[in-house]
Amino acid sequence: MKTAEDYLSGQVLLIDKPLNWTSFQVVNKLRWEIRQAFNIKKIKVGHAGTLDPLATGLLVICTGKMTKQIDTFQGQIKEYTGTIVLGSTTPSYDLETEVDNTFPTSHITDDLIKETTKQFIGDIQQLPPVFSALKKDGKRLYEYARAGESVEIKARTVSISEFEITKINSLNIDFRVVCSKGTYIRSLANDFGKALHSGGHLSALRRTKIGDFDVSNSTSIENFIASLKG
């Protein structure tokens, strides 16, 4: 069983983030639980890479002195699995917002779907979603978006080493992606729909790996709290 000193000197916790939690909420919850369990007044806790509320999966949490390693972990290659719905788009590129446009899909074949993934392998230019936590002029992009204000977003270079279609069920496309830091899978879903001369948005997303860390070795928030209480 871990002690207060263990958490203060530094731990790396692998948490399986549940649906509808923000990464910030997970950090706050774990910090509070560690403080309560050991009667610690102050402890640093941070995460190595945000997951959207509608995404689940691997969240690397660092405590104490291990928070100095957060930048190192954030820079590592990440793997995701998820589902893209073809034929429609949403402003947020996922299910946070309602469908705003629909597009033809009768021309889309399984072969075309698989062939189109090749366009996204390697270094690509990607526009982050306007519904994201990136900052511009001191405000987060989603604040502009929710206020109905338009804002100029610059494309960034990201790298995708693997983009595999794992299942095709009508317009629901299951995939696996291995990519660099800074890649938005929501933007990939949107761009993939465009490349198919249609539309696309993300309906499910799960982060499965960050570097050598694997979600199969993670634990739920509830199980972590139970372990603190022995």
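**Group meeting: a walk through the predicted model**

Over residues 186–224 the chain is 36% helix and 33% strand, with the end C-alpha atoms 29 Å apart. I start there because that stretch is the one that an unreviewed UniProt entry annotates as "domain: tRNA pseudouridylate synthase B C-terminal". Keep in mind that this is a predicted model.

The same kind of record, again an unreviewed UniProt entry, puts the feature "active site" at Asp52. On the model, Asp52 falls in the loop between strand E2 (45–47) and strand E3 (55–63). Is Asp52 buried, exposed or partly exposed? Its relative accessibility is 25%, so Asp52 counts as partly exposed. Beyond its neighbours within four places in sequence, Asp52 contacts Lys17, Trp21 and Arg186. Arg186 is where the annotated range of residues 186–224 begins.

Next, helix H2. This helix covers residues 23–38, 16 residues in total. From first C-alpha to last, H2 reaches 23 Å, close to the 22 Å expected at 1.5 Å a residue. Its buried residues are Ser23, Val26, Val27, Leu30, Glu33 and Ile34. Those residues lie on the same side of H2, because they cover an arc of only 135° around the axis. And what covers them? The cover includes H1, strand E1 (12–17), E2, E3 and H7. Just after H2 comes Asn39, which takes a positive phi of about 55°.

Now the aromatic residues. A pair of rings is described by the distance of the centres and the angle of the planes. How many aromatic pairs does the structure hold? There are seven. One of them joins Tyr7 and Phe224, with 6.2 Å centre to centre and 85° between the planes, an edge-to-face arrangement. This pair links distant parts of the chain, since Tyr7 sits in helix H1 (residues 4–9) and Phe224 in helix H7 (residues 221–228), 217 residues apart. Tyr7 and Phe224 are both buried.

Another pair is Phe163 with Phe175. Here the ring centres are 6.3 Å apart and the planes stand at 90°, so this pair is also edge-to-face. Phe163 belongs to strand E10 (residues 156–169) and Phe175 to strand E11 (residues 172–179), with the two positions 12 residues apart in numbering. Both Phe163 and Phe175 are buried. Ring pairs extend this into a cluster of Phe120, Phe163, Phe175 and Phe192.

That cluster leads to the nonpolar core. Which residues touch the most other members of the largest core, which has 41 residues? They are Ile61, Phe163, Phe175 and Phe192. Helix H6 (residues 185–195) supplies the largest share of this core, five residues. Phe163, apart from its neighbours within four places in sequence, is in contact with Thr117, Phe120, Ile121, Phe175, Arg176, Val177, Leu188 and Phe192. There is also a second, separate core of nine residues, among them Val60, Cys62, Phe73 and Ile210.

Last, back to helix H6, for a polar residue. Asn190 is found in this helix. With a relative accessibility of 7%, Asn190 falls under the 20% cut-off and therefore counts as buried. Its contacts outside the neighbours within four places in sequence are Thr89, Tyr93 and Gly200.

To close, two points to look at on the screen: Asp52 in its loop between E2 and E3, and the ring cluster of Phe120, Phe163, Phe175 and Phe192.

How values were computed. Residues numbered from 1 in each chain as written. Predicted model: local features only at pLDDT ≥ 70, side-chain atom pairs only at ≥ 80, totals over all residues. Heavy atoms only, no water. UniProt positions renumbered as here; feature names shortened; annotations may be inferred. Helix = DSSP H or I, 4+ residues; strand = E, 2+ residues; numbered from the N terminus. Buried < 20%, exposed > 50% of the residue type's maximum accessible area, 1.4 Å probe, protein only. Contact = heavy atoms within 4.5 Å. Phe/Tyr/Trp six-rings, centres within 6.5 Å; stacked < 30°, edge-to-face > 60°. Expected span 1.5 Å × (residues − 1). Arc of directions from axis to C-beta. Core = buried A, V, L, I, M, F, W, Y, C linked by side-chain atoms within 4.5 Å.
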